Structures are given as C-alpha cells and as structure tokens.
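Hello,

Please find the structure below, handed over for you to look through. My notes on what was found in it follow.

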Amino acid sequence: MDSTLHGNDIEKIVSADRAHVWHHLTQHKPFETGAPRIITEGRGMKVWDHNGKEYLDAVSGGVWTVNVGYGRERIADAVRDQLVQLNYFAGSAGSIPGALFAEKLLEKMPGLSRMYYCNSGSEANEKAFKMVRQIAHKKYGGVKHKILYRARDYHGTTIGCLSAGGQQERNAQYGPFAPGFVEVPHCLEYRKEDQDLGHLSGADYGRAAADAIEAVILREGPETIGALCLEPVTAGGGVIVPPEGYWPRVQEICQKYDILLHIDEVVCGVGRTGTWFGYQHYGIKPDFVTMAKGVASGYAAIACLVTTEEVFDMFKSNLDDPLDYFRDISTFGGCTAGPTAALVNMDIIEEEGLLANTVAMGERLVANLTALAGKHEVIGDVRGAGLFCGAELVSDRAAKTPVDEALAAKVVAECGAQGVIIGATNRSVPGYNNTLCFSPALIATAQDIDAITGAVDTALTRVFG
Ligand code: PMP
C-alpha cells in the first residue's frame with residue numbers, strides 16, 4: 001500500500017485533493033462536506049479506492065479507456081525502457097516506436113496509410129477539422145469548408161470540437177462557437193418518432209436516417225460541405241448503434257457530393273466493439289479516422305489522426321507556396337511513451353484473442369441486459385456493439401418517457417455501493433441523461449459480466465422496486 005501512497009497517509013492525500021484538485025465533470029460544492037474518492041490501485045478488471053474498497057470496473061477507468069485492463073507490467077516495462085533510451089523529441093524528427101506503431105496499426109486499416117500523433121481525442125479531431133479547412137482553401141477557394149456533425153455525437157472539449165458537438169447540455173454556456181459547423185439528425189431507431197420516422201424500421205429506418213443527412217447537404221449547398229464527422233457508435237450521447245442500411249447510404253452520399261468522411265473512433269477504436277475499429281463492421285472507407293482512449297489503454301497519453309495517401313499527397317503538392325503544407329504541431333506528440341505503450345497494447349490484444357472475447361462477452365452482456373428488461377419495466381431499450389453497451393431507462397414503456405437523470409444516477413450509485421462501477425449519460429443531451437453505460441475491459445470473463453448485470457438487477461430493484 002505504501003508505494004501507491006508515496007509514503008503519505010491517506011488523510012493527507014484526501015485533504016490535498018480537496019484543497020487543490022479541480023476534478024473533471026464535477027460540481028465541487030458537495031466536496032466541501034463529502035470526501036472525494038481517490039482510486040489508489042488497479043489489477044485486471046478491479047480497482048481499489050483510498051478506503052481499501054474493491055470495485056469491479058465496468059467502465060474501463062470511468063470513460064471507456066483501459067481496454068486491456070489494469071496492472072499490465074509488460075506495458076509499464078516497455079515504456080520505462082523506452083523513456084530511459086529516449087523520452088521525447090518533437091518537430092519533424094521521428095522516433096523508433098512512432099514508426100513501428102504506425103506500421104503495425106495501419107496494417108489493420110486497409111486504405112489508410114498515414115499517421116499523425118497527438119495527445120487527446122479532441123486534439124486529433126481538431127487536426128482533422130484543420131486539414132478539411134486547408135483542403136478547402138487549396139482546392140476549392142475556401143468554399144467547401146463546412147463540417148457536418150450529428151445530433152447526440154460528441155467530438156471533444158475544445159471550442160472547435162464543441163462547435164461540432166451534438167450535445168446541447170455539454171455546449172451550454174461555452175458559446176459562441178466556431179462558424180461552419182452544421183448539424184444533421186441522429187440515427188437512434190428507438191427514438192425514431194422524434195424524427196417523424198416512426199413508420200419505418202430496421203434498414204428502412206437506417207436509410208431514411210442517412211437520407212436526412214443528404215437533405216441537410218442539399219439545403220446548405222453540396223459545394224460548401226467539406227466533411228462529415230461521425231462516431232461509428234455514439235458514446236456519451238446514449239450508446240447509439242446505427243441501424244442497418246445507415247452506413248452504406250452515408251458512404252454513398254459522401255461519394256456523391258465529394259465529402260470527406262471523418263470517423264471519430266476515440267471510444268470505439270482499438271477493439272472496443274470487437275473489431276479493431278468500429279467502422280470496420282460496416283465496410284465503409286473513411287478519409288480520416290481519429291482515435292485516443294483505447295490506443296494505449298491509458299498507460300500513456302496518445303491520440304492519433306489517420307488518413308489516406310490521397311489526403312497526405314494534397315499537402316505536398318505545391319512547393320512554390322511556403323504555406324502549402326500542414327503547419328501544425330503537437331508538443332507531446334513527440335513523447336515516445338505513447339506509441340511504445342500502444343504497440344504492446346496491440347500485441348496483448350492479439351496474443352490474448354481479446355477481439356474474439358469482446359464479441360463473445362458483448363453478446364453475453366446484451367443478453368443479460370435484455371433478460372433484465374424482461375424483469376424491470378424501466379429498461380426501455382438495450383443496445384450494444386462488442387463491450388460497449390447501453391440500457392435506456394424509461395418511466396413509461398409505451399410513451400418511452402425518459403426517467404429523470406437523478407434516478408439513472410441513483411442506479412449508478414447503488415451499483416457502486418455493491419462494488420461495481422457502471423456509468424450513465426451525464427449532462428449531454430437535454431432530457432436524455434437516462435442511459436446506463438457499460439464498457440468493461442476487453443479481458444472481461446463471463447463471471448465478470450454476470451457480476452455486473454447482477455449488481456444492476458439489485459440496483460434497479462432498490463431504486464424502482
Ligand atoms: N470523441 C469522442 C467520441 C469522445 O467520447 C471523446 C471523449 N469522451 C472525445 C472525442 C474527446 O477526447 P478527449 O477527452 O481525449 O479530448
């Protein structure tokens with residue numbers, strides 16, 4: 001225990017935290033009376049807090065990140081060795097792990113061939129937006145500069161990313177936003193009545209939801225639209241798995257109007273949905289893919305923007321113009337810890353067969369949650385892709401009335417009391433902070449999945465009777 005406390009007693013740590021740390025996504029007023037939770041240790045699927053309480057982590061570090069689980073000495077050892085050899089060098093120089101990880105990852109992404117390193121999902125998305133804007137200037141006199149984003153999707157925390165953010169509660173109070181970002185409708189079949197598409201289902205709904213994107217393009221003028229940015233499976237907006245028929249139509253629309261397709265794999269990337277990338281379920285060909293969380297499972301900060309040779313070539317075409325290359329840098333894109341951890345992370349996924357495990361355990365999780373829906377009226381819809389699942393809670397099944405967000409939060413708290421950490425959509429889409437979220441590490445066993453849904457069963461009974 002001493003090593004994790006660095007020789008300090010826990011009271012000292014708690015009081016230092018309370019006095020100085022501004023926590024993410026947290027209203028701090030309650031911290032003046034309650035104690036913050038400090039996580040001190042993690043092993044496999046489990047973490048421990050400062051009181052020694054053990055938790056089964058069903059959300060991979062809170063925000064779907066720790067894909068290969070906690071305590072991987074192999075990653076830590078590789079990072080340590082690399083940091084001693086060379087920790088950092090930035091600018092136009094490369095690094096050994098940077099080259100090796102790019103090669104290994106891109107082998108899994110046919111059609112894509114260039115990797116740009118940075119630090120966070122937001123930053124990777126910003127860089128893609130900048131490339132789209134620069135291509136508009138280079139090829140289209142600045143006209144084809146607009147970026148489409150989807151209602152309920154999230155792309156990051158910066159003002160640029162919030163401008164592409166389809167979650168009004170996250171955006172509230174942070175405007176004004178950047179111009180040139182335009183929203184298209186969501187594709188959540190469970191909420192199709194909101195779009196007057198209640199008469200359609202399955203692939204018919206999927207195609208109609210994609211047609212709604214085309215309608216926006218025609219309204220704005222296709223000559224003004226540079227890119228369409230989408231999550232393959234919407235995460236914080238409610239774990240939305242697009243219906244059949246959606247993606248092929250989206251691809252068709254992008255090709256028809258010469259629109260670059262940017263897939264935000266910050267959550268889905270590197271195994272979460274049971275394939276290396278979420279878009280690979282649908283046979284689509286993106287022009288940009290951004291990724292972050294699972295790339296190194298949180299063992300180092302790394303994010304990547306991946307693109308095609310065609311896009312890359314556009315940035316080296318005009319040697320007469322001194323401004324005609326991608327004039328962008330990421331200071332910590334030059335830290336070697338990220339690609340080193342990411343390389344070993346990929347090796348672990350391959351060697352331990354974690355993609356296949358994700359598919360099998362994801363099916364078990366959805367089956368268990370669906371069984372719970374048979375018992376608890378409050379579960380209106382269960383959705384999932386691999387180990388990335390959501391259960392939407394409603395107070396009236398026929399009317400699909402979302403439960404109050406305080407009740408979803410109570411279910412999360414009741415699971416926590418039983419030693420299982422789950423999540424819920426939080427301050428994202430107004431009125432729809434009602435979806436329980438599950439994203440356990442890809443190493444989850446059947447026993448883990450059953451323990452997670454067992455805790456949810458008890459929590460739902462405690463909260464809703
Ligand atoms: N895109 C998606 C889909 C995300 O869920 C997130 C973070 N939750 C981001 C982008 C932003 O990533 P980061 O927090 O690393 O900037």
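Helix α14 (residues 405-417) packs against helix α15 (residues 446-464) at an angle of about 130°, and their axes are 8 Å apart. With that angle, α14 and α15 are therefore oblique to each other. Their crossing is right-handed. On the α14 side the residues that meet α15 are L407, K410, V411, E414 and C415, and on the α15 side they are A455, V456, A459, L460, R462 and V463. Sorted by class, this contact has 8 nonpolar, no polar and 3 charged residues. Before you go further, note that this is a predicted model.

Two other helix pairs can be described in the same terms. Two packed helices are described by the angle between their axes and the distance between the axes.

The first pair is helix α9 (residues 202-220) with helix α10 (residues 246-256), which pack at about 25° with axes 7 Å apart. Angles under 35 degrees count as roughly parallel, so α9 and α10 are roughly parallel to each other. The crossing of α9 and α10 is right-handed. From α9, the contact takes in G206, R207, A209, A210, D211, I213, E214 and I217, and from α10 it takes in Y246, R249, V250 and I253. These residues divide into 7 nonpolar, 1 polar and 4 charged.

The second pair is helix α5 (residues 96-107) with helix α12 (residues 337-351), whose axes come within 8 Å and cross at roughly 35°. This crossing is left-handed. P97, G98, L100, F101, K104 and L105 of α5 make the contact with P339, T340, A342, L343 and M346 of α12. By class there are 8 nonpolar, 2 polar and 1 charged residues in the contact of α5 with α12.

Now the sheets. Strands of a sheet pair through backbone hydrogen bonds, either parallel or antiparallel.

One open sheet has 7 strands in the order β4-β10-β9-β8-β7-β5-β6, and its pairing is mixed. Which strands stand at the edges? They are β4 (114-118) and β6 (181-184); each has a single partner strand, so one side of each is left without a neighbour in the sheet. On average, neighbouring strands here are turned by 20° against each other, direction ignored. Within this sheet, strand β7 (residues 225-230) and strand β8 (residues 260-264) pair in the parallel sense over 4 bridges. L228 has L261 in β8 as its bridge partner. Helix α9, described above, lies across β5 (146-150), β6 and β7, and runs at about 145° to β6.

Another open sheet has 4 strands in the order β1-β2-β3-β14, again with mixed pairing. Its edges are β1 (39-43) and β14 (420-421), each with a single partner strand, so one side of each has no neighbour in the sheet. Both kinds of pairing can be followed here. Strand β2 (residues 46-49) pairs with β3 in the antiparallel sense over 3 bridges, and W48 stands opposite E54 in β3. Strand β3 (residues 54-57) is joined to β14 by 2 bridges, and these two strands run parallel. There, L56 stands opposite V420 in β14.

Some backbone details are worth finding in the viewer. The hairpin of β2 and β3 has 4 residues between the strands, and G52 in that hairpin takes a positive phi near 85°. S60 also has a positive phi, of about 45°, although S60 is not a glycine. S60 lies in helix α3 (residues 60-64). A cis peptide bond joins G175 and P176, with omega at about 5°. P176 is found in the loop between α8 (168-171) and β6.

Finally, the ligand. Which residues come nearest to the ligand? Of the 16 residues around it, these are S120, G121, S122, G156 and V266. Helix α6 (residues 121-140) gives the largest share of the shell, 3 residues. By class, the shell around the ligand has 6 nonpolar, 8 polar and 2 charged residues.

Regards

How values were computed: Residues numbered from 1 in each chain as written. Predicted model: local features only at pLDDT ≥ 70, side-chain atom pairs only at ≥ 80, totals over all residues. Pairing = 2+ DSSP bridges. Near = placed C-beta within 6 Å. Nonpolar A, V, L, I, M, F, W, Y, C, P; charged D, E, K, R; others polar. Axes fitted to C-alpha atoms, helices over the stretch in contact; angles between N-to-C directions. Parallel < 35°, antiparallel > 145°, perpendicular 65-115°, else oblique. Left-handed = near helix turned anticlockwise from the far one by under 90°. Contact = placed C-beta atoms within 7 Å.
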